[in-house]
Amino acid sequence: MSDQEGDGVQGLRTWSAEAAERVRGLIPAMGARAVPPEAYDRSVDELDQLVRLLDHDPVLRGAVSVWLGGALALRLSVGAGGGADRERAERLLRDARDRRTALGAMVGAEERRWAALFLLTLLTPVRSQPGAPGGVPDLAAFVDWLTPSGPDGVMTFATEIHELTDDIAELPLPPEFLAEYRRTRELFSASTGADCTQILANVMPAGDPFADVLRQTVGRLFGGDGGAGAEGPETAPADGAGGERETRAARVEEREVPPAAAPTPAPQPEPPFALGDIRRIAAALDPVNATTHGFDDALRNGDPQALNELLRKLRSVQDEPPPGPDPTPGIEALKALLLNVSAGVGGTVQDQSAGRAHLDAITRYFENYDGPLPPGFRDPAVLGRAQELYAKVLDAEDAMALRGLAEDAAELARTVPEGHPLRFVVELTLGAALTRLGGVIGDLELIRRGTPVLGQGMSGARATDFPFAEAAPLPTGPDFALLRAALAGRTAPGVAHVPPPPDASADEVYSAALSVGLQYALTRDPAVLDTLIGELERVRDAVREGKAPRIATEALWQLAEAYRERRVRDQDVQDIRALGAAEEALTALAADVLLQAGAEHGLLTARSGANRGVQAALWAASQGRLHEAVAVLELGRALVLHAASTSFAVPELLDADGHHELAAAWREAVAPGADGAPGNGREQGVPSELPSTLRRRALEALGYRERGGLLGTPTPADLADGVAASGADALVYLVPGEHAEAGVAIIVAPERGVAMKVLPLLSGAENGPMERYLDATALRDAAAPDDTAAARGWEESLVALCDWAHEVLAPVVTALEEALRPGGDRAKEPLRVVLVPCGRLGIVPWHAARGPGGTSTAYLCRTTVFSYAASGSQFLRTVRRAPRDPAATPVLLADPTLDLTYARSRSWPCGTPSTPRPGSAEGCSRCPRTNCFPAPRTRSSDSSPTGPPCCTSPRTDRWASGPRSPPCTSPPSPKRTARGRATSP
């Protein structure tokens with residue numbers, strides 16, 4: 001053999017080994033997960049080509065043939081390929097195992113074992129349901145195999161499966177997969193003689209109302225003592241109706257020609273259903289089996305599509321009901337259960353609300369259920385009552401409602417004795433009610449009482465094998481021993497951290513991380529903090545793979561806080577990992593907000609976003625990372641401000657990206673007469689699809705979870721350009737500090753870039769005037785209309801607030817004057833500033849800030865033009881709009897309840913105003929007030945002012961857009977704030 005030929009042979013051997021390795025990568029037992037269909041096609045094509053090149057090497061050809069048969073079998077196992085593939089794969093694999101064939105004589109022992117694995121994959125009648133989570137058996141497919149095979153076929157297969165599993169046991173497979181093959185072997189070992197009912201029993205859910213009927217029918221079918229199966233499977237009719245007709249005909253014929261001398265035999269028991277009904281019953285059982293046994297896997301993987309598939313399977317039972325009992329009540333109850341726990345797979349408020357609307361379907365079904373029950377099970381109505389209570393506990397916000405629910409849960413606990421199979425559901429509900437009530441009213445003793453009860457319920461749910469044991473779903477929490485120690489103020493118990501295994505779910509890893517975090521809070525041990533970061537990084541990896549939507553935002557934010565803690569501890573100003581995690585957390589939250597249907601649901605989801613944006617901005621500012629500070633501020637504020645408006649643009653964005661069908665479906669869903677939000681709102685009864693499905697598909701097509709997706713934020717350069725285009729001098733973010741930490745002003749100015757001014761008065765320790773103003777506002781709102789003391793107290797607090805606002809803003813204005821007006825001449829060109837107050841600073845009347853003395857000339861608005869924007873991105877959108885004529889867009893202010901403070905004294909007719917000189921006390925011709933703002937510049941040719949903002953309609957020019965001009969009079973109070981809280985938009 002020449003060197004060239006030798007190289008060619010060696011190349012074929014290398015290619016064969018690599019091709020075989022690629023097939024190994026497709027085997028589930030070797031770790032294959034979510035293999036794309038084209039991967040099977042590539043392996044089949046590659047090995048098919050390779051086997052034709054190996055006539056010169058029969059041994060290598062034999063090995064490659066085994067792997068070709070394996071690739072064909074694996075492709076068939078996922079529902080791809082065709083009938084010719086099955087025939088070819090079985091021939092190759094059987095020949096490879098038979099030493100009497102030409103192929104088998106060339107195959108080694110190792111390849112023969114792999115052929116056994118592939119052949120069992122090809123032949124086994126116990127297959128997983130396509131698209132169902134958890135590897136749930138396909139009962140309909142099993143009945144399809146069992147019916148024509150009969151007892152003889154079952155016995156033949158049982159003999160072969162023993163031989164195959166003996167060889168498979170020698171393969172280097174993980175123990176859990178070898179155990180699964182042993183279970184398959186034991187399944188068929190249970191059948192002796194003609195008795196096939198035990199095999200059927202082993203693949204059916206325990207306690208199913210159809211299970212006994214189906215087992216009885218199949219037993220009689222293969223009993224050999226007459227009845228429906230006496231003629232054998234080949235002559236059996238294909239459908240139930242035909243079977244019934246033939247059975248009746250046979251009975252008539254027997255009556256017409258009775259035996260003359262033989263005694264009348266005892267009548268044969270008739271099967272409950274005809275032969276053709278067996279398949280229909282099995283097909284109806286499959287969706288129920290998939291739901292009850294695959295539900296945990298759907299939750300574990302956080303996959304909304306898996307939950308959708310379960311809902312659709314259940315709907316198929318309603319569309320084609322089996323003979324016998326009406327399945328509708330049970331199917332509706334199962335669908336309602338799935339919708340109620342949809343938050344566990346990243347479902348929206350709309351999805352969960354659909355479940356809440358049908359809680360009565362669950363309660364009614366279990367109260368009326370009279371079918372067979374699993375061993376030891378009793379009183380299924382407990383599950384329905386507890387599930388309804390638990391849902392109400394999760395949704396309740398006020399103390400009064402939670403008190404009533406806690407009493408109801410305690411009463412239910414008294415009626416369900418210890419040892420009841422569903423006692424854990426009751427304990428879970430009672431523990432949740434007590435701990436939630438304690439948290440709302442600040443009662444630590446209630447939390448201490450509820451925590452062990454909650455722990456017992458969670459332990460019971462994990463220990464039971466009852467389907468839907470985790471239908472609550474279980475809250476993710478730390479180790480209860482650590483939690484009890486923290487609540488009792490004790491030192492941390494010696495709980496050793498056991499890292500979750502590599503294949504643990506994201507929820508399990510997060511729960512372990514919470515335990516580590518609680519241990520760190522109790523010990524402040526730096527090594528424990530490092531362990532916490534490590535576990536949260538594992539959750540972050542799962543989030544990036546899309547596996548943990550329910551916990552993504554909270555887990556990423558806790559990772560950011562952990563990195564921040566370590567950065568402060570190490571005094572490492574270069575460590576910006578906290579900022580990266582914080583931005584990911586806000587991005588995850590932004591995706592959740594966009595997924596919600598309607599502004600109300602979006603705001604409910606975004607509640608924490610703006611405050612976290614402020615917190616992350618302070619972190620960034622403390623490290624001098626001002627660009628990052630602006631980014632997180634804008635992202636946090638965009639959650640609340642732009643989620644609803646962004647949704648309106650979705651169809652246009654879909655069309656632009658070529659997703660025309662999705663765009664049309666979206667428009668149809670929001671058209672007049674529809675339910676008003678993309679979703680399945682027209683279906684009668686319990687929905688058979690997550691209502692958010694269309695919205696999710698559309699947003700996924702637009703990459704809504706990608707960083708900088710639909711809620712993109714402006715850069716400081718974008719903001720500087722917008723400020724310049726508006727004619728303003730600067731845009732200033734006012735960022736409050738936390739506790740004793742100083743706040744900051746982040747200033748964006750054209751040609752100056754981004755700067756920061758530390759403002760100690762914005763710390764939590766120095767904002768007393770704002771807190772007192774909020775308290776006075778709450779007292780005045782709660783007081784009687786004629787309570788002059790409350791009104792006077794409010795006015796005094798407002799005066800103090802304006803004085804405090806001047807102390808805060810004066811350093812900022814001074815810094816801007818020095819940078820932008822170095823000559824000090826401001827009479828001709830007043831300073832123009834757009835303010836973006838963050839957090840609770842939005843309730844402060846910054847334009848009414850006044851200096852010492854309280855005279856009209858001491859107000860900052862006498863010398864500086866102030867305007868407001870809710871965010872930088874909102875400011876930019878407004879600036880880009882065309883100017884409007886004031887007379888063309890008049891504004892009507894109404895006070896229908898006649899209780900708006902000072903509404904009469906600051907209302908005036910709007911017309912064509914005159915303009916006072918900047919800094920003068922002149923009033924305009926139509927305005928009764930004398931302390932108007934200097935007018936902003938317009939984009940007109942003569943650049944002359946058009947009038948003070950207090951007398952013009954909104955957006956009379958590009959500068960007045962910011963987005964609205966403030967009133968020049970005393971500021972309004974926060975209207976009816978709850979418990980003295982008020983926030984900016």
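Here a biologist and a modeller talk through a predicted model, asking what lies behind the terms used for it.

Biologist: Let's start with charged side chains. What makes arginine 448 and glutamate 445 a salt bridge?

Modeller: The closest N and O atoms of arginine 448 and glutamate 445 are 3.6 Å apart. The rule asks for a side-chain nitrogen of Lys or Arg within 4 Å of a carboxyl oxygen of Asp or Glu, so the pair qualifies. Both residues sit in helix α20 (residues 444-463), 3 residues apart, which is about one turn of the helix.

Biologist: Why are arginine 448 and glutamate 445 called partly exposed?

Modeller: Arginine 448 has a relative accessible area of 33%, and glutamate 445 has one of 44%. Buried means under 20% and exposed means over 50%, so values in between are called partly exposed.

Biologist: How do you know that arginine 569 and aspartate 570 meet in a salt bridge?

Modeller: Their N to O distance is 2.9 Å, and the limit is within 4 Å, so the pair counts. Arginine 569 is partly exposed at 35%, and aspartate 570 is partly exposed at 44%.

Biologist: What about arginine 840 and glutamate 771: what makes their meeting a salt bridge?

Modeller: For arginine 840 and glutamate 771 the N to O distance is 2.0 Å, which is within 4 Å and therefore fits the rule.

Biologist: Which parts does the pair of arginine 840 and glutamate 771 tie together?

Modeller: Arginine 840 lies in the loop between β4 (831-837) and β5 (864-868), while glutamate 771 lies in helix α34 (residues 768-782), so the pair ties together parts that are 69 residues apart in sequence. Arginine 840 is partly exposed at 27% relative accessibility, and glutamate 771 is partly exposed at 26%.

Biologist: How many salt bridges does the rule give?

Modeller: The count comes to 40. Some salt bridges link up into a network, including the one that joins Glu537, Arg540, Arg544 and Glu584.

Biologist: Now to arginine 612 in helix α27 (residues 609-622). Why is arginine 612 called buried or exposed?

Modeller: Arginine 612 has 14% relative accessibility. Buried means under 20%, so this arginine counts as buried. Setting aside neighbours within four places in sequence, arginine 612 is in contact with Thr553, Glu554, Trp557 and Leu586.

Biologist: Let's turn to sulfur. How many disulfides does the structure hold?

Modeller: The structure holds 0 disulfides. Take cysteine 802: the closest cysteine sulfur, in cysteine 861, is 9.7 Å away. A disulfide needs the sulfur atoms within 2.5 Å, so that distance is too far for a bond.

Biologist: What makes cysteine 802 and cysteine 861 buried?

Modeller: Cysteine 802 has 7% relative accessibility and cysteine 861 has 3%. The cut-off for buried is under 20%, so the word fits both.

Biologist: What is there to say about the phi of arginine 524?

Modeller: Phi of arginine 524 is near 55°, a positive value in a residue other than glycine. Most residues other than glycine have a negative phi. Arginine 524 is placed in the loop between α22 (506-523) and α23 (526-544), and at 45% relative accessibility arginine 524 counts as partly exposed.

Biologist: And histidine 739: why does histidine 739 count as exposed?

Modeller: Histidine 739 has 68% relative accessibility, and exposed means over 50%, so the label follows. Histidine 739 lies in the loop between β1 (730-735) and β2 (743-749), and its phi is also a positive value, near 55°.

Biologist: Last, the helices. Why are α19 and α20 called roughly antiparallel?

Modeller: Helix α19 (residues 423-441) and α20 pack at an angle of about 150°, with their axes 7 Å apart. Angles over 145 degrees count as roughly antiparallel, so the name applies. Their crossing is left-handed. Among the residues that meet there are Phe424 and Leu428 in α19, and Leu446 and Val453 in α20.

Biologist: What makes α3 roughly parallel to α6?

Modeller: Helix α3 (residues 58-77) and helix α6 (residues 109-123) pack at about 20°, with axes 9 Å apart. That makes α3 roughly parallel to α6, because the cut-off is under 35 degrees. α3 passes α6 in a left-handed crossing, and the residues that meet include Trp67 and Gly70 in α3, with Trp114 and Phe118 in α6.

Conventions
Residues are numbered from 1 along each chain as its sequence is written. This is a predicted model: local features need pLDDT of at least 70, side-chain atom pairs count only at pLDDT 80 or more; totals for chains, interfaces and linings use all residues. Side-chain values use heavy atoms; hydrogens and water are left out. Helices (H or I, at least four residues) and strands (E, at least two) are DSSP runs, numbered from the N terminus. Buried means under 20% relative accessible area, exposed over 50%, partly exposed in between (1.4 Å probe, protein chains only). Contact means heavy atoms within 4.5 Å. Axes are lines fitted to C-alpha atoms, for helices over the stretch in contact, and angles run from 0 to 180 degrees between N-to-C directions. Angles under 35 degrees count as roughly parallel, over 145 as roughly antiparallel, 65 to 115 as roughly perpendicular and the rest as oblique. A crossing is left-handed if the near helix is turned anticlockwise from the far one by less than a right angle, and right-handed if clockwise.
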